[in-house]
Amino acid sequence: MSRITGKAKDETLIELQNATDSQTTDENNGNGVSSLSEKGTLPGNTETEKLQPNKDTVFFRDGVRRIDFVLSYVDDKDGEKKQERRRAFEANLEKTGLELETEDKSDSKDQKTYFLKIHAPWEVLTTYADVLKVKVPFKESDIPHAQEVPLEWLSHPFRLPGFIMRPQPDYFTYPFDKNKTDFFLINDKDSFFPPSTRNRIVFYILARCPYFKEGHKDKDKTGIKRLLSNGTYTAAFPLHDCRYWKKARNAECESERFNLYNHWARFLCFYKEQPLNLIRKYYGEKIGIYFAWLGFYTEMLFFAAVMGVICFTYGVLSYDDNQSSKEICDANIGGSILMCPLCDKKCRFWKLNSTCLSSWQSHLFDNEGTVFFAIFMGVWVTLFLEFWKRRQARLEYEWDLVDFEEEQQQLQMRPEFEIRCNNRRLNKITQEMEPYLPVTSKCARFCLSTATVIFWISLIVACIIGVIAYRLAVYAAFASIIKDPMRKIQVVGRFITPQLATSVTASCINFVIIMILNFFYERVAIWITDMEIPKTHLEYENRLTMKMFLFQFVNYYSSCFYVAFFKGKFVGFPGGYSYMFGKWSNLRNEECDPGGCLIELTTQLVIVMAGKQLWGNIQEALLPLMRNWWSGRKGRHHPENHYSRWEQDNVLLNFTQLGLFYEYLEMVVQFGFITLFVASFPLAPLLALFNNILEIRVDAWKFTTQFRRPVASKARNIGAWQEILNAVAILSVVTNAFIMAFTSDMIPRMVFLYAYGKDASMMGYVDNSLSIYNISQIPERNMPEERDYLFDNLTSTCRYRDYRYPPGHHKEYTHTMQFWHILAAKMAFIIIMEHVVFVVKFFVAWLIPDVPSDVKARFKRERYLIQEYLHKYEVEKLKIQLSASFITAPQSDVSLTSDTHELLSECL
């Protein structure tokens, strides 16, 4: 019998009595039982605790058959319907050849949960390995590893032990063929297919197994996913091979989870390399590729962070050479310049030297070094993407993924597509009937999906407009509160300006809105992607990726785009101010901080980027820990041999199919922050570096301790994220060029220095950059409610940031020629910077081949050896067949057979 159910207590005692004859101690085999004392007897149930088998195992009760998958379920009100589904489903599983064993609810700690353990025997594994074209070893590789490079000893502190980095030898592999089992290196049938391959095969069967009875065919009643969604089963998962903090007792268990935790998931290993081969072996190629990409991205961030720190250090060291700030802070220059009100009614006239501190702060990020850093980042992002392609190509070769996509496209067809598509048509390639979605249905679904995405993006834009309106409305309020900073807010007043207070509060509100919209849109995106019914898993993930990133792009970056490219650009001038919704709205367009708009962009970037990373780490680390603590509290104090491996894993969080999607999304959004707006904050790569060092270990800790073991799945590369990264990289060149030209004050300073300054110095720049307006000409609606008696009789003019002719000039209040010179310089800078960076980018991309030459050579050699080895195998097989036919052939045909044999041998 392949199906074994839970036993009664007396039957268990009898079985355990027999088990003691062949097994002496629990330490020798974790699947056996504790040996009975020589003096001990079996007095009813008093010795039951001693006779309990160790349940912390990954094997059936017989200790031989490995548990490849576990399904759990509970009895509830709809028990009869669900029992009928389960009976039909399990009967169909048995027909496919799978072996089942049930743990009764009386053996579980909650006394409610049943566990169905599934084992795939050799015949099933070979059948489906042939179907899935699983690559398996046929010969140990004779290609030597790369030779040691000079000074490699310097990297020894960062290395892991060899058995961790290379958990298994290198082999030449070939897609499994059930008819050629003797071609492959099958030393042990039980361990030939690793656990990750075994659970992938079993899940493939579970996803396509029907749960209707014979004669009642119903296409919708198919697959474990539907049974999980309707509550027939509560969970489906493969088992971890041991507890993460100690090795498995059974020597046949690999204890790979323990090794991963010990050498990878602990934070003290943050400076060590990642055991990518072990990650791939345990979790599958898809998760392995993610950690390879994240590790490589973090390594490359180190160089960007170093250059950013150098740029910031230059800003600090040139602090005392900042002539503009000196003039602003000078009591005789900045203290004598009266500035026009920054808002209507509530804002008063103010002295320029009140912005002394913000001008110094702005210089830290807005200096000549920032231009160099922006150009450097344009080249860095190209190097990152090109070197990643090379790293990815090496992994494709080492992990046998080179031909994966082409072979697996059809096999990756989603069960949902097969179930929901009623139409069939002939596949011209396979000449088989396959499901398809009619064009009319595709168009209707696409239109609905597009409309939904546009609606949500419009909702984001509406929220951003609302935040801008808040900024405009609340600025006046802050201006009226912070009238006399030194007197009203003595502790921090000298550091607070109305612009800073408005920017910080608006950024925080914007961050909260981002999180709320993100929470709802995630569910909407999944719903509309399900509605489109993509054909393959790859297509499903790519569509969801594009929808989510498009939304996240607008959600996270729109506020930064506003500050960088719109704020302070359409202000007008005293007597001709611009308003957001017309003059009736009284929402006058914002002006930049007196220190410049770049410092406000820096503030916005830091709050949104740092806030997202902090919130993300809390979500990733704290929430799973609290959930698992709560769900596992009942079994926490039970002895290890009483708390079964399947129960331990059942209380862990489920790693969904989209789990990795959110990890990628988080990192790609961060990538956008450090590339699109890096000119405003050179320390952004440093923050990202620290975050990613923590992110790698938090993700590793989650995978090894907080999540159930995910079903192993293959992936050749990072998918649609690669194209998104390329698009962001190209856009970053444009955004940084515009930031340097229009948000930074660098171009106006350079124009003044070389065209208008005296003796090639910056002296007089502040006065030159401020235009003059006659106070008597300011309309009443723009004048402050409280007239400052101090300024009434001292001056008749005020200053504002712009390049316009003064009052009394025949072109008064129109733009001066210097304005047009600066505008031309800005446009020239954008064109030159973009072309220089793009030329360097494309030259570097052309110069660096996507596939390393040694990988190409190794791949060609492997292909050659495979063909040669296959040829020899077929020759030997043919010889054996001819020899067998020679022995059994009639005597009269012996000479003919011999001649044929010789002829074939010579030809071969």
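1. At 5% relative accessibility, S255 counts as buried, and in this predicted model the residue sits in the loop between β7 (235–237) and α9 (256–265). Its backbone deserves a look, since phi of S255 is near 55°, a positive value in a residue other than glycine. Most residues other than glycine have a negative phi.

2. A second case of this kind concerns D400, which has a positive phi of about 60° although it is not a glycine. D400 belongs to the loop between α14 and α15 (404–408), and with a relative accessible area of 15% this residue is buried, because the cut-off for that class is under 20%.

3. The loop between β7 and α9 also holds R243, which at 11% relative accessibility counts as buried. Which residue has its C-alpha atom 8.5 Å from that of R243? The partner is D56, and the two residues are 187 residues apart along the chain.

4. A further approach between separated stretches of sequence involves K281, a residue of helix α10 (residues 276–283). K281 is buried, with a relative accessible area of 15%, and its C-alpha atom is separated by 9.0 Å from that of T197, with their positions 84 residues apart along the chain.

5. On helix packing, the axes of helix α11 (residues 285–317) and helix α14 (residues 368–398) come within 10 Å and cross at roughly 165°. Angles over 145 degrees count as roughly antiparallel, and α11 and α14 are therefore roughly antiparallel to each other. The crossing of these two helices, α11 and α14, is right-handed.

6. Helix α11 also packs with helix α23 (residues 659–676), at an angle of about 20° and with the axes 11 Å apart. That angle makes α11 roughly parallel to α23, because the limit for this class is under 35 degrees. The crossing of α11 and α23 is left-handed, whereas that of α11 and α14 is right-handed.

7. Turning to charged pairs, a search of the whole structure finds 32 salt bridges. Side chains of opposite charge can pair when their charged atoms come close. One of the pairs joins D62 and R65, with the closest N and O atoms 2.7 Å apart. The two partners fall into separate accessibility classes: D62 is partly exposed, with a relative accessible area of 38%, whereas R65 is buried, with a relative accessible area of 16%.

8. The side chains of E123 and K178 meet in a salt bridge as well, at 2.4 Å from N to O. This pair links distant parts of the chain, 55 residues apart, with E123 in helix α4 (residues 122–132) and K178 in the loop between β6 (171–175) and α6 (189–192). At 46% relative accessibility, E123 counts as partly exposed, and K178, with a relative accessible area of 29%, is likewise partly exposed.

9. Helix α14, already described for its crossing with α11, carries one side of another salt bridge, in which D854 pairs with R394 and the closest N and O atoms are 2.9 Å apart. How many residues separate the partners, given that D854 lies in helix α30 (residues 853–888) and R394 in helix α14? They are 460 residues apart, and the pair thus links distant parts of the chain. D854 counts as partly exposed at 34% relative accessibility, and R394 is partly exposed, with a relative accessible area of 25%.

10. Beyond these individual pairs, R61, E101, E103 and K117 are linked in a network of salt bridges, and a reader who inspects the charged side chains may wish to view these four residues together.

11. The last point concerns the surface, where F158, F267, F270, Y271 and L694 form a nonpolar patch with about 470 Å² of accessible area together. Among them, L694 is found in helix α24 (residues 684–706). Is L694 buried or partly exposed? At 33% relative accessibility, L694 counts as partly exposed, because the buried class ends under 20% and the exposed class begins over 50%.

Key
Residues numbered from 1 in each chain as written. Predicted model: local features only at pLDDT ≥ 70, side-chain atom pairs only at ≥ 80, totals over all residues. Heavy atoms only, no water. Patch = residues over 30% accessible without salt bridge, like charges linked within 9 Å, V, L, I, M, F, W, Y side chains within 5 Å. Areas by Shrake-Rupley, 256 points an atom, 1.4 Å probe, with all protein chains shown as cover. Helix = DSSP H or I, 4+ residues; strand = E, 2+ residues; numbered from the N terminus. Buried < 20%, exposed > 50% of the residue type's maximum accessible area, 1.4 Å probe, protein only. Axes fitted to C-alpha atoms, helices over the stretch in contact; angles between N-to-C directions. Parallel < 35°, antiparallel > 145°, perpendicular 65-115°, else oblique. Left-handed = near helix turned anticlockwise from the far one by under 90°.
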